[in-house]
Amino acid sequence: MNNSESITYRPIRTVDGFRQKMLANLHRRRGTTIHSASQRDIYFMVAHTVRDYLIDRWTETVEAQFRDNPKFVYYLSAEYLPGRQLEQNMLYADVEHIAREACAELGIDLDQIMPYDPEPGLGNGGLGRLAACFLDSLATLDIPAVGYGIRYEFGIFRQTFRDGWQVELPDDWLTYHNPWEFPQPDDMVEIGMYGYTEQYNDAGGNFRVRWIPGETVRGEPYHTLVPGYKTGTVNILRLWRARASHAFNFQVFDTGDYTRAVAEKVSTENISKVLYPNDNAPQGRELRLKQQYFFVACSLHDIIRRFHIRNDNWDDFPEKVVIQLNDTHPVIAIPELMRILMDVNDLGWDQAWDITRRTFAYTCHTLLPEALEKWPVDLIGRILPRHLEIIYELNQRFLDDVRERFPYDPSRLVRMSLIEEGPQRRVRMANLATVGSFSVNGVAELHTHLLRERTLRDFAEMWPERFNNKTNGVTPRRFIRIANPRLFDLITEKIGTGWLRDLERLRELEPFVDDPDFRTEWRAVKRRNKRDLAGFIAETVGVAVDHQSLYDVMVKRLHEYKRQLLKALHIITLYHRVKDDPQIDIVPRTFIFGAKAAPGYQMAKLIIKLINSLAYVVNTDPDVHGRLRVVFIPNFNVSAAQKIYPAADISEQISLAGKEASGTGNMKFALNGALTTGTLDGANIEIRERVGAENFFLFGMSTEEVFALKASGYNPMDYYRSNPVLKRAIDAIARGDFSFGQTELFQPIVDSLLYKDEYLLLADYQAYIDCQDRAAAMYRNQEQWTRMSILNTARCGFFSSDRSMRQYSADIWHVKPIPVDEV
């Protein structure tokens, strides 16, 4: 479509034009009229109309990027958590007001149809939400970019509780279709798996290898528009759906074996069926590896196709393409690109490797050994035989370089090898990523320091120039403008417009901290947000909470290192204080949890059960008299987060120092005026440095102290025996006080605390209790608390994903914006 055509068909940006477009979409896309339309019909009518406004900007973006032939960022991530799209797309398309007016003229309450907007659960937690924030910022900054991932039919499970236990239900977000995606069957890709390799000499006598796959799988792309804010740029997120190459065997069907006739279709489409199958079983591990290869192979095919639209010379590939690996999940892309260059395009090893290592950049998102993926050699060899050969060859060449650089250090070879030797030989994906990338970045200053000094120290010593830090950030458009409109209005009233694209301007709020009227308005915003959350809790949990109480919030993925169990010990301690003296003057608190445990993570699920059991005891005890409330909000997701962050008073960021890579929930809470109770871990350190130590409740050991304590021989029983308050809390769990006398129910938790305590809860317990007491005392002084709250928001502008993406673009990717005028 040329420019004149796109201008001709642009939707008219008026209330009347929007209304006419809505009715046309209702008639032609849904086949109904305004008089007989269901609420879901109305939702699709509005969504398609908003999408029409974005499509025009997308065509302008494609044309601008085609003309300039720029270097593209291709972001490979196994997870995305974009959240619901309707409200954000109305904002970004700049049709929010006319959409509401047009709907009102038709008797439609726009807020009533918002729940029909599907929420893609394509991620497990912070990794997926970060990826979504980054794509949002890339479009806002006019950076040419495409995100790639998997279109999971059932994403992260829908969580509910039965008798306090987590129950996983299917997240059927596609049941009624997704109006924001475009299927692209003409761009279907076919990839191979299994099979064998064979060696041969080509016509020129050159040694070659070809892979003869035993199976083929088709990848069908669906792309979703990713608009920027206050710009004309609309990038795309391209997600792959697995399709069978041969969906139906008529001969088998004709014999009466109907199940086997469609067996290939069922087996193949399982690849994109569920996010992260439980890998406790061999079948789950195999499916997970197939998922990873499926999406990177399809994506590389698409990236190469896009490259060849305007370019022919393979040596130009790294000048036009940069591929960012979001953690280790897409790292199999490195041998896949080598295979394509050598086996399909007949490049030699040296040229292929030069292109590959100048194309990939790797972000490491963890310090946990179990999260640094290692795949069994025999599994890779069975599913991807050619890739294993390439990994072996690469490892041999790499270790030769290591020997030359460090000739008298054989132990270094063992540590740096891409292959971990042992009873089961495994491929170390983080090592492969580091060897095959020109950049390796951490996501917070402490995290990057630990990568250099501990996790990847050998590699940092060999290639110090590759390592760099890029602290994470979050998009203020979703997590302030959409999540907290009252705060957005108050801030805009004081410092004007434009700060959503330049978040450091929040500093302009600081002079108002001494304005008593402004502090009153700030408290009023928080109070109304807390009242809204109280209503949501009553609706979803069935517990009435006092919106004037201190909202003490811990919402994040359930993992032992994040130490939700330490929070539970704090609640038990406060509960015991009330039981000892029912008339005690205690700051009323509502403890709000939200977390999902991986289906195969039994200890995490038991912790959820403990918290829910604790909630029952505390909430029904007449001695407590409502002064303490514990609620566990089920199915924590982006939509729930948008209700929770604006209402929080305290943000719990209490992971053991040295375990959290960065965290982004800590940033979202602080930007919404919550005060952090936290350790010197991840981005907590940088938040504390910026907001000021006096505006942050710090407790616990530093990373160095953690390492020293573990090295000296940590014995949790020492802390248990020496602290009667702690002992009483643990004994209460062991005695069955929160399990109707069933002493065996929570015994695994008690045993873990007393005989292992890997994450040093007992060592940090007293410091945490003391810190919480300081926070409670401060909360009584609402004027001072409000000052601290304002300064947290005002001084956290650094934690914008726009800043993160500017740094990636300038320091790693070396890409430039391609501005697109707003349509």
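**Strand pairing, helix packing and internal cavities**

In this predicted model, strand 13 and strand 15 (residues 426-428) run antiparallel and are joined by three bridges. Within this pair, Lys374 lies opposite Arg428 of strand 15. The two strands belong to an open sheet of three strands, ordered 13-15-14, in which the pairing is antiparallel. The edges of this sheet are formed by strand 13 (374-376) and strand 14 (419-420); each has a single partner strand, so one side of each is left without a neighbour in the sheet.

A further antiparallel pairing involves strand 7 (residues 196-201) and strand 8 (residues 207-212), which are linked over six bridges. Here Tyr196 stands opposite Ile212 of strand 8. Strand 7 and strand 8 form a hairpin with five residues between the strands, and Gly205 in this hairpin adopts a positive phi near 85°. In general, the strands of a sheet pair through backbone hydrogen bonds, in either a parallel or an antiparallel arrangement.

Helix packing was examined for one pair. Two packed helices are described by the angle between their axes together with the distance between the axes. For helix 2 (residues 15-30) and helix 5 (residues 96-105), the packing angle is about 65° and the axes lie 8 Å apart. The crossing of helix 2 and helix 5 is right-handed. On the side of helix 2, the contact is made by Val15, Phe18, Arg19 and Met22, which meet Ile98, Ala99, Glu101, Ala102, Cys103 and Glu105 of helix 5. By class, the residues of this contact comprise seven nonpolar and three charged, with no polar residue. Arg19 of helix 2 and both Glu101 and Glu105 of helix 5 are among the residues that meet in this contact.

The interior was also examined for enclosed space. Rolling a probe the size of a water molecule over the atoms shows where empty space is left. The count comes to five cavities of 30 Å³ or more. The largest cavity holds about 290 Å³ of space. Its lining consists of 23 residues, of which Pro82, Gln85, Thr224, Val226 and Leu237 lie nearest the centre of the cavity. Helix 7 (126-140), strand 9 (215-227) and strand 10 (234-244) are the elements that give two or more residues to the lining of the largest cavity. Classified by residue type, this lining contains 14 nonpolar, five polar and four charged residues.

Definitions and conventions. Residues numbered from 1 in each chain as written. Predicted model: local features only at pLDDT ≥ 70, side-chain atom pairs only at ≥ 80, totals over all residues. Heavy atoms only, no water. Axes fitted to C-alpha atoms, helices over the stretch in contact; angles between N-to-C directions. Helix = DSSP H or I, 4+ residues; strand = E, 2+ residues; numbered from the N terminus. Left-handed = near helix turned anticlockwise from the far one by under 90°. Contact = heavy atoms within 4.5 Å. Nonpolar A, V, L, I, M, F, W, Y, C, P; charged D, E, K, R; others polar. 1 Å grid on protein atoms, 1.4 Å probe; cavity = no way out; pocket = protein on both sides within 12 Å on 5 of 7 lines; lining within 4 Å. Points joined across faces, edges and corners; volume = space filled by probe spheres on them. Pairing = 2+ DSSP bridges.
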